[in-house]
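Welcome! Take a moment to look over the chains before reading on. The report below goes through some charged pairs, then the places where chains meet, and ends with a few aromatic rings.

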Amino acid sequence: MNNIIYTLHDFLLHTESIVFIIMGISLLSMVGFWLFLTARDEDKNIQ
Amino acid sequence: MSEDAAVDRKSIMTPFNICAGIIVIAGLIVTFIRFTQGLGAATNLSEYNPWGIWIGFDLLVGVALAAGGYVTSAAVYLFGMKRFHSAVRPAILTGFLGYLFVVVALHYDLGRPWRLPYPFIFGYGTTSMLFEVGLCVALYLTVLFLEFSTAPMEWLGYKRTRNLVHRLTLVLTIFGVVLSTLHQSSLGALFLIAPSKLHPLWYSPYLPTYFFVSSIIAGLSMVIFEGTLAHRAFHHKMDEAHKAEHNPLTLGFGKAASLVLAGYFSIKVIGIAAGNHWHLLATGYGFWFLVELMGFIALPCLLYAMGVREQNLKLIRFTAAWTVLGIIINRLNVSIIAFNWQLPSSERYFPHWMEFTISIFIVTLIVLAYRFIVTRMPILYEHPEYKDSH
Amino acid sequence: MSISRRKFLGWLGAAGAGTTIGSKANAASNKVFKGYPDSMGVLHDATLCVGCRECEAACNKVNELSAPDKPFTDLTVLDVKRRTKNEAFTVVNRYDGIPESKGPVFRKTQCNHCLEPACASACFVRAFKKTESGAVVWDESVCVGCRYCMIACPFDIPTYEYDNPLTPKVLKCTMCAPRIEKGLLPGCVESCPKEALTYGKREDLIKIARDRISKYPDRYVDHIYGEHEMGGTSWLYLSSVPFEKIALREDLGITPAPSLTSGALGVVPMVVGLWPVLLTGVYAMSKRKEKIATEERETAVAEAIDKTTAEGEVKLSNAMAKAEKDKEKAIEKAVKTALEEAEKQAEEEAAAKTEAEAAKADQVEPDKSAGKDQAEKIDEAQTEEADEAPKTKDAKTNDEEES
């Protein structure tokens with residue numbers, strides 16, 4: 001019985017908790033990805 | 001008493017300082033009452049009205065008016081308006097102080113303020129819009145602190161750290177815009193959960209969008225407004241670049257504010273149509289809604305446009321103050337005036353004098369902190385050692 | 001993390017089982033949420049309530065609340081409309097002058113224990129929990145005291161200890177969750193002398209209510225308040241008069257509270273995912289524009305420098321040429337004058353010779369030194385003019401760099 005989510009609130013708690021974690025990871029990895037993407041540009045100035 | 005001391009006393013005893021001193025003393029007394037006798041002694045909050053002006057003004061208005069930081073840094077660093085570079089530091093400073101004191105003010109309103117970090121340690125109430133607001137405000141305050149920190153580092157001479165932080169400018173700016181978008185809109189979304197309590201003219205599924213768009217307007221107008229005040233008080237502290245860029249900045253931001261106001265006006269009208277609330281415009285609340293819509297959105301939009309077309313800086317400055325007033329009215333409408341509109345007047349909320357005292361106290365603290373910082377740190381001028389380093 | 005790993009894996013397992021077996025699809029499909037099965041509730045039949053306040057007294061007792069100013073037997077308190085308070089988790093109100101009813105109608109107020117509680121959805125520390133038994137309970141150990149639950153509650157139920165400076169609590173009916181755990185009835189239900197309150201499984205209560213409505217259609221409004229309001233509540237109401245007349249709002253709608261904010265919450269990750277893309281794009285474009293502008297400016301400056309340099313060189317060479325010419329001319333002229341003078345002299349000498357043949361004719365040196373002086377003077381003037389040319393070039397380059 002524990003396996004089933006019975007309320008919308010619990011479902012949202014579950015999904016939103018995961019979404020918040022993914023948001024944090026994606027926000028940080030965007031920085032790394034941008035550096036990777038532009039590393040070989042002629043001007044390495046990312047400022 | 002020696003003559004020197006007399007002169008010193010005279011220079012300290014300015015009317016401004018006397019007023020500020022009285023407010024600070026009153027604020028400290030009320031602070032003591034609030035934290036020793038509870039919210040009941042210092043506020044008119046009730047079961048029906050759990051949020052008063054400490055949320056409606058200190059939090060909602062405070063955050064909206066502190067939007068100048070992200071608006072200006074985005075304009076300069078992301079949208080390439082380098083010619084307004086001198087405006088970034090003052091805007092970041094007021095943004096930082098605004099958010100800092102929003103958090104300070106929040107301690108007055110919370111029942112157990114020392115538990116403020118609980119949502120991120122034990123709680124994880126991720127379905128709550130307040131969780132979203134809290135998380136973004138906490139992160140954005142950190143971002144603003146880092147953005148601002150270059151000024152005290154230049155002042156104190158921490159050259160290496162300063163340059164390290166300076167290299168993060170772009171990343172911090174983008175994070176700042178993302179976080180601001182989220183928490184500005186989430187402040188509006190706070191009220192989405194209470195459709196039965198907020199008047200339908202203000203309640204809309206678009207509330208988050210309204211709050212976000214109006215925060216841009218608030219940010220632009222506050223930069224103009226603060227700039228005007230700063231020019232009166234701290235003209236001697238400004239370098240040539242700051243002075244030279246001020247008028248073009250007023251024109252440029254005035255133009256932007258006019259444009260955003262036009263968009264804001266149209267989405268507000270669309271909101272009435274989407275909810276089919278036209279008939280409510282003929283009621284008392286409808287009249288008040290129209291005052292806000294026409295008097296504080298349409299009117300400043302036109303006044304800004306006229307000011308920009310005629311290069312009338314005086315008109316733009318007046319409109320900026322008017323728009324700021326409009327934002328204050330909007331936030332108070334949503335959180336207090338049009339909230340619980342169905343309750344009989346005996347159950348409605350009007351702030352206690354101590355609530356006003358604390359709100360004024362907080363604003364005074366912001367002004368004092370601003371003055372302390374701009375008279376010492378390179379805010380309104382560039383530090384000679386760090387010129388052309390951006 | 002709030003959700004234990006085991007529970008999380010369990011949920012994932014449930015989703016898988018749901019799709020393969022197909023049983024209990026609604027419960028586990030994450031599409032329709034019907035609340036905990038077999039959860040309990042209370043049916044309040046307002047037509048049976050006589051306003052004796054026994055429930056209030058029992059509530060006060062079992063929750064160990066402070067005694068009120070007037071005793072519970074004093075029915076004059078019903079003359080004014082009351083609401084839940086810190087010291088009264090439930091109150092009964094009397095509604096007079098309702099045209100649909102001969103006498104006054106009484107209705108009990110307390111937490112309705114929503115199936116999807118707005119307070120729980122609003123709480124940022126998850127202090128509120130909808131339990132499997134049906135009760136919505138509050139956890140003091142995490143509450144920060146923000147009072148957003150009170151903003152969110154559509155029934156205005158939670159109250160707050162405003163006068164407590166250190167540990168203010170949010171207070172509301174708990175459906176006597178501690179008593180239910182012990183197998184006891186909620187205090188109010190137990191004390192009701194008129195059976196206006198029925199405790200049981202929510203599903204059964206709905207059936208009972210339907211039965212009553214169909215058996216006595218004249219006595220009841222054909223609606224079970226709480227069956228769908230705000231997504232459904234564990235407390236259900238039957239009434240002989242429109243629910244609005246006994247202060248149960250009929251404009252709340254049937255949207256469960258979490259759905260009111262789930263849309264806005266859903267936009268959040270989109271902003272986080274796409275704003276950096278958009279903003280970095282805008283930045284890259286403005287940067288590129290700036291770069292092109294800088295390049296164009298540099299080319300323009302370089303061209304201008306080239307042009308001025310070339311002009312300067314032409315000018316210089318012209319000046320040089322002119323100087324050379326002038327010099328030649330001057331020399332020529334000087335030589336010519338000298339020659340002319342010499343000729344003149346020669347003529348004079350010749351004349352003098354004829355005049356005085358006897359006179360000596362030794363001195364015939366032509367004055368070349370005079371011509372030489374003149375040429376040098378001109379030379380100097382020309383060098384000065386040539387010096388000026390590079391100077392103008394410098395000035396011009398400066399101008400353009402500034403602009």
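## A salt bridge in chain C

A good place to begin is Asp79(C), which forms a salt bridge with Arg94(C), with 2.9 Å between the closest N and O atoms. Asp79(C) sits in the loop between helix 3 and strand 2 of chain C, while Arg94(C) belongs to strand 2 of chain C, so the pair ties together parts that are 15 residues apart in sequence. Arg94(C) has a relative accessibility of 26% and therefore counts as partly exposed. Please keep in mind throughout that this is a predicted model.

## More charged pairs

Side chains of opposite charge can pair when their charged atoms come close. How many salt bridges does a search of the whole structure find? Over all chains, the search gives 17 salt bridges. One of them joins Asp251(C) and Arg249(C), whose closest N and O atoms are 2.9 Å apart. Asp251(C) is partly exposed, with a relative accessible area of 43%, and Arg249(C) also counts as partly exposed, at 25% relative accessibility.

Chain B offers another pair to look at. Glu154(B) forms a salt bridge with Arg162(B), and here the closest N and O atoms are 2.7 Å apart. Are Glu154(B) and Arg162(B) buried or exposed? Both residues are buried. Glu154(B) and Arg162(B) also belong to a network of salt bridges that includes Arg89(B).

## Chain C and its helix 3

Chain C has 403 residues, and 42% of them are buried. Ten helices and nine strands are found in chain C. Among the contacts in chain C with a separation of 6 or more, 61% are between residues 24 or more positions apart.

Helix 3 of chain C, residues 54-62, is worth finding in the view. Its buried residues are Cys55(C), Glu56(C), Ala58(C), Cys59(C) and Asn60(C). What covers these buried residues? The cover includes strand 2 (91-95), strand 3 (105-109) and helix 7 (187-191) of chain C. After helix 3 of chain C comes Glu64(C), which has a positive phi, near 55°.

## Where chain B meets chain C

The size of an interface is often given as the accessible area lost when the parts come together. For chain B and chain C, the area buried between them is about 5,000 Å², and carbon and sulfur atoms account for 63% of it. On the chain B side, Glu47(B), Arg112(B) and Ile193(B) lose the most area to chain C, together 17% of what that side buries. The contact involves 60 residues of chain B and 58 residues of chain C.

There are five salt bridges between chain B and chain C. A salt bridge also joins the side chains of Lys82(B) and Glu290(C), at 3.2 Å from N to O. Across this interface, 31 residue pairs are in polar contact. Several helices of chain B each supply at least two residues to the side that touches chain C, among them helix 2 (15-37), helix 5 (68-78) and helix 8 (129-156). Helix 10 of chain B gives the most to that side, with seven residues. By class, the side of chain B that touches chain C has 36 nonpolar, 16 polar and eight charged residues.

## Where chain A meets chain B

About 1,000 Å² is buried between chain A and chain B, with 74% of that area given by carbon and sulfur atoms. On the side of chain A that touches chain B, there are seven nonpolar, three polar and one charged residues. Eleven residues of chain A and 15 residues of chain B take part in the contact. Between chain A and chain B there are zero salt bridges, and two residue pairs are in polar contact across the interface.

## Aromatic rings

The whole structure holds 28 aromatic pairs over all chains. One of these is a tilted pair of Tyr6(A) and Tyr36(C), with 5.3 Å centre to centre and 45° between the planes. This pair crosses between chains, from the segment before helix 1 (8-38) of chain A to the loop between helix 2 (25-28) and strand 1 (40-45) of chain C. Tyr6(A) is buried, with a relative accessible area of 9%, and Tyr36(C) is buried at 13%.

Phe11(A) and Phe33(C) form another tilted pair, 5.2 Å centre to centre with 35° between the planes. Phe11(A) lies in helix 1 of chain A, and Phe33(C) in the loop between helix 2 and strand 1 of chain C. Both Phe11(A) and Phe33(C) are buried. Finally, Trp51(B), Phe191(B), Phe339(B) and Tyr148(C) form one aromatic cluster.

Notes:
Residues numbered from 1 in each chain as written. Chains lettered and ligands numbered in written order. Predicted model: local features only at pLDDT ≥ 70, side-chain atom pairs only at ≥ 80, totals over all residues. Heavy atoms only, no water. Contact = heavy atoms within 4.5 Å. Buried area = accessible area lost by both parts, 1.4 Å probe. Salt bridge = Lys/Arg side-chain N within 4 Å of Asp/Glu carboxyl O. Polar contact = N/O pair within 3.5 Å; in protein donor to acceptor, adjacent residues only side chain to side chain. Nonpolar A, V, L, I, M, F, W, Y, C, P; charged D, E, K, R; others polar. Phe/Tyr/Trp six-rings, centres within 6.5 Å; stacked < 30°, edge-to-face > 60°. Helix = DSSP H or I, 4+ residues; strand = E, 2+ residues; numbered from the N terminus. Buried < 20%, exposed > 50% of the residue type's maximum accessible area, 1.4 Å probe, protein only.
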